[in-house]
Amino acid sequence: MSPCPTELPEPYGPWMEIAHDLPQLIANHRLRSQVHQMPQLSTRHLRGREELHLAHLVLSFITMGYLWQEGEEGTVKVLPQNLAVPFWEVSQALGLPPILSHTDFVLANWRRKNPNRNLDTIISLPGGDSLRGFILVTLLVEKAAVPGIKVGYRRAIRAILRLDEETLHKALQELAEAIGDMRSLLAASPCYQPPRGRSLPDFHVFPLSWKDNPAMPDGLIYEGVSDEPMAYSGGSAAQSTILHAFDELLGIRHTPSAVVPADHATAFLHRMRDYMPPPHRAFVEEIRCAPSLKQHVLSSGDARLCTAFNRCVSALADFRSYHITIVTKYITVAAAKAKAGQADPGDRAGPSAVKPLSALEAKGTGGSHIFSFLKSVRDTTREGMISA
């Protein structure tokens with residue numbers, strides 16, 4: 001895991017200065033005025049994909065703070081040109097949408113804090129240690145899965161092509177172990193075990209969509225880019241390359257259900273792939289086009305392979321069940337309590353007291369109908385097991 005750059009070249013000092021002070025600027029309701037005074041900078045001095053990714057991270061966090069500084073009742077309809085134009089240009093160069101995505105929030109937002117290799121975030125929002133822990137644990141969860149999906153996938157495909165059942169069995173064991181490690185990290189992390197009675201951390205106000213969001217029904221106008229509003233989905237675990245890769249490898253098909261219609265379940269997940277970096281999308285597509293692991297196991301008639309395959313599917317379903325538990329604890333229940341005035345006042349960071357967004361009670365940060373969607377995805381994962 002190579003560290004990301006943490007500072008942009010000198011011409012982009014105005015962006016970095018605002019980005020590093022975001023929690024305080026938002027708390028004091030001063031971010032919008034600071035953005036209005038920010039010069040419009042050209043993106044031509046950015047060199048290489050690493051600087052472009054850092055610029056996207058910085059501009060996406062500033063954009064989120066700018067839009068949601070006053071909560072859902074104080075959103076804006078226009079992103080000012082000095083922020084919108086460079087954000088659009090950087091997004092186009094990277095093949096990413098101009099919004100805070102899972103890639104920005106987690107994968108590009110970490111640095112080594114000291115020689116002991118302790119990690120920290122690069123850019124933050126209100127939320128303090130809760131936000132920092134949320135980002136870094138999510139990063140570690142993704143990191144835990146990388147060996148399984150990259151090494152295990154390639155080993156499994158080679159074994160299928162060579163009809164090497166012993167190697168395939170070992171590859172399936174590696175995959176199940178990697179998925180199990182993801183859940184263990186979530187379960188063991190203190191940031192996912194809040195003290196009794198604690199409420200919604202402030203940061204859950206921010207990584208939201210301006211697509212399918214009643215607070216911004218028309219989307220957002222990017223001034224200097226388009227006169228028409230555009231709608232994008234906010235950062236969400238549904239944008240995780242790892243989860244899409246496991247689904248494709250295990251042949252999981254998220255078909256519609258009685259509560260999640262066809263135009264939502266499959267379409268939403270496939271739309272989330274547009275929020276991945278192009279190389280990640282290409283990797284998921286590579287897996288989709290590879291020989292079917294499930295079909296090979298089925299046709300082999302090997303009971304040991306079927307058992308190992310089902311362990312992988314079961315581990316992925318268990319991970320998704322635990323994710324539902326986290327969403328219940330951190331978003332839906334906490335948002336409802338905060339809205340009803342039952343929140344612990346100690347949870348409010350600074351004077352901002354941004355009201356929790358009502359959309360979070362029914363929808364996730366990516367704009368999905370949260371519980372029906374998550375349970376449908378978990379249930380269709382379980383349906384991917386091979387019957388005895």
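This report walks through the fold, one helix pair, some aromatic contacts and a few backbone oddities.

**Overall picture**

Keep in mind that this is a predicted model. The chain's secondary structure comes to 15 helices and four strands. There are 388 residues in the chain, and 54% of them count as buried. If you take the contacts with a separation of 6 or more, 79% are between residues 24 or more positions apart.

**Helix α9 and its partner**

A good place to start is helix α9, residues 241-250. Ten of its ten residues are buried, so α9 is largely enclosed by the rest of the structure. Reading along the helix, the buried residues are Thr241, Ile242, Leu243, His244, Ala245, Phe246, Asp247, Glu248, Leu249 and Leu250. Note that Asp247 and Glu248 are on that list too.

Helix α9 packs with helix α11, which covers residues 278-289. The angle between them is about 10°, and the axes are 8 Å apart. Angles under 35 degrees count as roughly parallel, and α9 and α11 are therefore roughly parallel to each other. On the α9 side, the contact is made by Thr241, His244, Ala245, Glu248 and Leu249. From α11 come His280, Phe283, Val284, Ile287 and Arg288. By type, the residues of this contact divide into five nonpolar, three polar and two charged.

The numbering of those contact residues makes sense in light of helix geometry. An α-helix has 3.6 residues a turn, so residues three or four places apart point the same way.

Right after α9 comes Gly251, with a positive phi near 70°.

**Aromatics**

The structure holds seven aromatic pairs. One of them joins Phe268 and Phe373, and it is edge-to-face, with 5.0 Å centre to centre and 80° between the planes. Why is this pair worth a look? Phe268 lies in helix α10 (residues 265-272) and Phe373 in helix α15 (residues 370-382), so the pair ties together parts that are 105 residues apart in sequence. Both rings belong to buried residues: Phe268 has a relative accessible area of 2%, and Phe373 has 4%.

Elsewhere, Phe61, Phe105 and Phe134 form one aromatic cluster. There is also a charge over a ring: Arg32 lies over the face of Tyr66, at 5.6 Å from the ring centre.

**Far in sequence, together in space**

Three residue pairs show how the chain folds back on itself; the distances are C-alpha to C-alpha.

| Pair | Sequence separation | Distance in space |
|---|---|---|
| Met64 and Leu208 | 144 residues | 8.0 Å |
| Ala55 and Asp104 | 49 residues | 9.8 Å |
| Gly95 and Asp274 | 179 residues | 8.6 Å |

Met64 sits in helix α4, residues 48-68, and is buried, with a relative accessible area of 0%. Ala55 is found in helix α4 as well, and at 0% relative accessibility it also counts as buried. Leaving out residues up to four places away in sequence, Ala55 touches Leu8, Trp15, Leu46 and Val90.

Gly95 sits in another setting, the loop between α5 (81-94) and α6 (102-107). How buried or exposed is Gly95? At 29% relative accessibility, Gly95 counts as partly exposed. Setting aside neighbours within four places in sequence, Gly95 is in contact with Asp274, Met276, Pro278 and Arg281. Asp274 is thus the partner from the table, and it makes a contact with Gly95.

**Positive phi outside glycine**

Which residues other than glycine have a positive phi? Leu163 is one of them, with phi near 55°. Leu163 lies in the loop between α7 (128-162) and α8 (165-188), and it is exposed, with a relative accessible area of 62%. Asp212 also has a positive phi, about 55°, although it is not a glycine. Asp212 is found in the loop between α8 and β4 (221-222), and it is partly exposed, with a relative accessible area of 41%.

Terms used:
Residues numbered from 1 in each chain as written. Predicted model: local features only at pLDDT ≥ 70, side-chain atom pairs only at ≥ 80, totals over all residues. Heavy atoms only, no water. Phe/Tyr/Trp six-rings, centres within 6.5 Å; stacked < 30°, edge-to-face > 60°. Helix = DSSP H or I, 4+ residues; strand = E, 2+ residues; numbered from the N terminus. Buried < 20%, exposed > 50% of the residue type's maximum accessible area, 1.4 Å probe, protein only. Lys NZ or Arg CZ within 6 Å of the ring centre and 35° of its normal. Axes fitted to C-alpha atoms, helices over the stretch in contact; angles between N-to-C directions. Parallel < 35°, antiparallel > 145°, perpendicular 65-115°, else oblique. Contact = heavy atoms within 4.5 Å. Nonpolar A, V, L, I, M, F, W, Y, C, P; charged D, E, K, R; others polar.
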